[in-house]
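Me: Could you pick one part of this model and take me through it closely? I'd like to know what sits around it, and how far I can lean on the prediction.

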Amino acid sequence: MSKRVMNPAARITAVALAAAGLGATMVAGAGSAFAAEGNAVAAPVALTASAAVAAQADTQAHVAAQVKAAAAKASAVKQAAVVKQAAAKSVAAKKAPSWVKPVTSYTLTASYNQGGAMWSHKHSGQDFAVPVGTPVKAAGAGTVVKAGPNGGGDGPAYGNAIVVKHTNGTYSQYAHLSKIKVHVGQKVGAGQQIALSGNTGNSSGPHLHFEIRTTPNYGSSVNPAAFLRSHGVSI
Ligand SMILES: [Zn+2]
């Protein structure tokens, strides 16, 4: 009976029986059968004992293998998690933010819907007080649809202005600029510099007038601060 070909289940049964004290009975039974043939009694006992040892060794080896496999699996899972995490991190690093503030450093002045002598109706945007020449960035990715003096076509009150059409059907407008750095039809990314701020048009002092609109034109503005906030940008 080779150790290699022995059925592991049989070995375990032998061990279990031996542990339960039944092994002795079996051996005795086998022994009495063998008794007729003389001194062969010792053989099954020795065999059973060696089988038990073998079974135990096998079980131990099996457990060791299982532990090893589990450790390997855990290690593999851990490695997979690390790889996954690294991949997610790299994606996050590569993915540019969808929306950003149009200027980085500023003082908020006139807010949306504010009344005042400066506007024929309510204020249609959010004012960011910044020195003339401050870089103005596209608040989101899109295509320039208006760019030029006379508010890019919206009227002289805006001075030099830009309107960008975004992919989700929203438009952003930037007014009172000193220098326009994009042209109509140009694609821009979120945060890309498109102009320098100024004090052109109907402006009470150097600032960026920023609107979010539902069309390219004056009169379709929504609250830009609320819009940015709903896109994860607080000003
Ligand atoms: Zn304004």
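Reply: Let's begin at one pairing: Ser172 has Ile212 of β10 as its bridge partner. Before following that link, please keep in mind that this is a predicted model, in which local features need pLDDT of at least 70, side-chain atom pairs count only at pLDDT 80 or more, and totals for chains, interfaces and linings use all residues. Residue numbers start from 1 along each chain as its sequence is written.

The part I have chosen is strand β6, residues 171–177. Strands here are DSSP runs of E with at least two residues, and helices are runs of H or I with at least four, both numbered from the N terminus. By that count the chain has four helices and 11 strands.

Is β6 enclosed or open to the outside? Seven of its seven residues are buried, so the rest of the structure largely encloses this strand. Buried means that 20 or more other C-beta atoms lie within 10 Å of the residue's own; with 12 or fewer the residue is exposed, and in between it is partly exposed, the C-beta atoms being placed from the backbone. For the chain as a whole, 27% of the 235 residues count as buried.

Now to the partners of β6, where two strands are said to pair if DSSP finds at least two bridges between them. Strand β10 (residues 207–213) runs antiparallel to β6, with five bridges between the two. Strand β5 (residues 160–166) is also antiparallel to β6, again over five bridges. Within that second pairing, Val163 is matched with Gln173 of β6. Four residues separate β5 from β6 in a hairpin, and Gly169 in its turn has a positive phi of about 85°. As a general point, strands of a sheet pair through backbone hydrogen bonds, either parallel or antiparallel.

Going one step outward from β6, β5 has another partner: six bridges join it to β4, again antiparallel. There, Gly142 faces His166 of β5. β4 also pairs antiparallel with strand β8 (residues 187–188) through two bridges, with Thr143 opposite Lys187. In the loop between β4 and β5 you will find Asn150, whose phi is near 55°, a positive value in a residue other than glycine. With 15 other C-beta atoms within 10 Å, Asn150 is partly exposed. For context, most residues other than glycine have a negative phi.

What does β6 pack into? It gives two or more residues to the largest nonpolar core, as do β4 (142–148), β5, β9, β10 and α4 (224–230). That core has 29 residues, and Ile162, Tyr174 and Leu177 touch the most other members. A nonpolar core here is a set of buried Ala, Val, Leu, Ile, Met, Phe, Trp, Tyr and Cys residues joined through C-beta atoms within 7 Å.

Leu177 is worth clicking on in your viewer. Beyond four places in sequence, its contacts (C-beta atoms, placed from the backbone, within 7 Å) include Val136, Ile162, Ala195, Leu196 and Thr200. Leu196 also features in a pairing, standing opposite Lys179 where β7 and strand β9 (residues 193–196) run antiparallel over two bridges. These two strands belong to an open sheet of three, ordered β3-β9-β7 with antiparallel pairing. Its edge strands, pairing on one side only, are β3 and β7 (179–180).

One more residue shows what lies around β10. Val130 is in the loop between β2 (126–129) and β3 (135–137), and it counts as buried, with 22 C-beta neighbours inside 10 Å. Among its contacts beyond four places in sequence are Ser197, Pro206, His207 and Leu208.

Finally, how far can you lean on this? The chain's average pLDDT (the predictor's confidence in each residue, from 0 to 100) is 77, and 58% of the residues score at least 70. Over residues 8–49 the pLDDT is below 50, and this stretch has 32 contacts in the model beyond near neighbours in sequence. Residues 1–6 also stay under 50, with three contacts beyond four places in sequence.

How values were computed
Two residues are in contact if their C-beta atoms, placed from the backbone, lie within 7 Å.
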